[in-house]
Amino acid sequence: MAETPPTTPPPEPVDKPLEAMTVDELATALRYHNYRYFELAAPVIDDYAFDRLTRRLRDVAPSHPALDALVGDATAQGQKVAHDSPMLSLDKAYDAETVHKWADHFEGGVVMSPKIDGVAASLRYDARGRLLMALTRGDGKRGEVFTDNARFIDDIPKDLGEGPLEIRGEIYMKLSVFAGLAGDFSNPRNTTAGAIKQKDPKKTAGYRLSFFAYSVRGREFETLMDWVAWAKAKGVAVVDSELVERDEVQAGYDRWVAARARTDYEMDGVVFTANRTSEHVRLGETAHHPRYAIAYKFQGESGETTLEQIEWSVSRSGAITPVAIVTPISLSGAMVSRCSMHNLAILAGLGASAGARVVAMRRGGVIPHIEAVVTPGPAAAVIPTSCPSCGGPTTVDGDVLFCAAPQNCTAARIGTLEHFVKAAEIDGFGPKILDQLLSLKLVTSPPDLFDLTLPQLLSLERMGTKLARKLLDGVAAARTMPLDRFLKSLGVDDLGNVASTKLAETFNSLDAVLEARHEAIAEVYGLGELTATSIMGGLEERAEMIGLLRDRITVTDVATPEVVEVDPASDDPLAGRSFVFTGKMASMDRKTAQGHVKRRGGKTPSGVSGELDYLVVGDDGSPLLGDGAMSSKHKKADKLVAGGAELKIITETAFIAMVGGLQ
């Protein structure tokens, strides 16, 4: 998490030459001079000296948190910084029934607004209300700094007059501006994404970008419409927002569909959000999306085109997927030439083949698909019997075509390496470089990346010393990796962003994850039996690779809440007692619940036993509330109670009452 400049003076720095300062002394000096400049507007060193200090700390400790506090530091552009809280995606709906079912879970009206197709951003303001840092959404947990560019976007407030605050919103390009651009630009969204990454921030101004805010953090409001009124009074451009009743969502959606052609921005749906912020707190969030908002997506623009050929794409798992190469067609503001057909069953169901006249659609305005065949091609599609990458035999498993030996297939192995470097956040290793490394047998699997040397990289075509050193620096930075990132990098099916984060937060260490039983993984909030089976199988298959990686890198544990030492005579209902959580919780995730217990002197063992005090059953689909089936933990607890154990089985609501309500 990036630091915010303090409102009280940090310690004064020691009087030493930069080269003689320790890392801590450099950090203290940087914080002090950053405070003098940005908080007091009274610097005591010139810009050159400040830049030297910054460069020195960055050279000896490039990831030091003191560097995250810099404002207007051009060298910080593009650096990745953790969000104060995750920037989640929105749950999606494609029909009114789904939206109405969602709205049944809360009280009060609904705020309706267009879903702008732009670049999500977080704007941080210091204690005086001045723009401190601008971040892209990134992967939701960390974004890229583009503060200098943000200062050249007129709609982004540079001084709110109060703080500290965080405003979240969408940067976009008006369609009228995009229409007047000269050059080869694919669509407004991609152009916006490129504009905020200009190396010369002043060039960003030439793109005439706009900004709509949709939420604020750091101020409390009773309703979302109260926030809208406050923002407008501050001169903040807020996304068009209208309060409607819950039975009006379809009519509101239809109005936006009709108005879509008249708006001066791209939109791909309508967002509905509970108006009462108390309901936001009560409903909470999943690891993926808030429960108090939903995006009712447009179905997307469609059009006819010709399927010129079918290309077979080999993934890292060895799955071979049919991709339709079509005569380029403009759909939802983008030129489309490739469309997904997913698997053999869909290909056969469509009857698609080269020469066919087809209907292509960008579902939700994003992913191009072949929806139907208007006129069949002259001959049926031929399913390859040999892998298009390695030439080896293919096999069919269900509806999916596979390379029979993906471990020997170049495309699959490059895919595995590409996934690893992307998930591990090692920049610069594109498919061309990985292909060369694989061809020369310098890298055959992810652990080999950590054994690369400068001479080896310099042996590659078109590889210079500067780029080679940059690649090695990226590898070196990944030698220490947080647990969730490491798990995601392994390429296990069903172990993506959300699942890896949940496993890391539940088990806290890699050893604990690898030693976890199937039941324990299945009980992790939101995973379940099938996902647990997939994850365990994937980890077992990669046991050798995991061992080789652990020989080369350090996987950091997740910090656990401090266990409070409590007087045994305490009357706190949690102190000294043990709690296990099972089922789907409606108001919080399992990690939060465990944190409540640990902070107040309780214990949270991993399984149910006769010594357990409480089994807490989540309210969402709870058998205690007349809905759903018992989990394995619940069944075991029932048997223990029947056998005379003193443990108590309680609902999530009862637990919340025990801890004194949600905080």
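**Exercise 1. Classify E311 and describe its salt bridge.**

At 33% relative accessibility, E311 is partly exposed. The classes are: buried under 20% relative accessible area, exposed over 50%, partly exposed in between (1.4 Å probe, protein chains only). This is a predicted model, where local features need pLDDT of at least 70, side-chain atom pairs count only at pLDDT 80 or more, and totals for chains, interfaces and linings use all residues. Residues are numbered from 1 along each chain as its sequence is written, and side-chain values use heavy atoms, with hydrogens and water left out.

Next, find the partner. The side chains of E311 and R338 form a salt bridge at 2.9 Å, N to O. (A salt bridge is a side-chain nitrogen of Lys or Arg within 4 Å of a carboxyl oxygen of Asp or Glu.) The two residues sit in distant parts of the chain: E311 in strand β12 (residues 302–314) and R338 in strand β14 (residues 334–340), 27 residues apart. Helices (H or I, at least four residues) and strands (E, at least two) are DSSP runs, numbered from the N terminus. R338 is partly exposed too, with a relative accessible area of 40%.

**Exercise 2. Find which residue forms a salt bridge with D268, and place both in the chain.**

Step one: the partner is K115, with the closest N and O atoms 3.6 Å apart. Step two: D268 lies in strand β10 (residues 267–274) and K115 in strand β3 (residues 110–116), 153 residues apart. Step three: D268 is buried, at 5% relative accessibility.

**Exercise 3. Decide whether the rings of Y172 and F212 are stacked or edge-to-face.**

Start with the rule. Rings of Phe, Tyr and Trp (its six-membered ring) pair if their centres lie within 6.5 Å; planes under 30 degrees apart count as stacked, over 60 as edge-to-face and the rest as tilted. The whole structure has eleven aromatic pairs. For Y172 and F212, the centres are 5.0 Å apart and the planes differ by 20 degrees, a stacked pair. Y172 is in strand β7 (residues 165–172) and F212 in strand β8 (residues 210–217), so the pair ties together parts 40 residues apart in sequence. Y172 is buried at 4%. F212 is buried at 12%.

Now compare F420 and F450. Their ring centres are 6.2 Å apart and their planes stand at 85 degrees, so this pair is edge-to-face.

**Exercise 4. Say how confident the predictor is.**

pLDDT is the predictor's confidence in each residue, from 0 to 100. The chain's mean is 85, and 90% of its residues reach 70 or more. Over residues 71–75, pLDDT stays under 50. Where pLDDT is low, the predicted coordinates should not be read in detail.

Definitions and conventions. Contact means heavy atoms within 4.5 Å.
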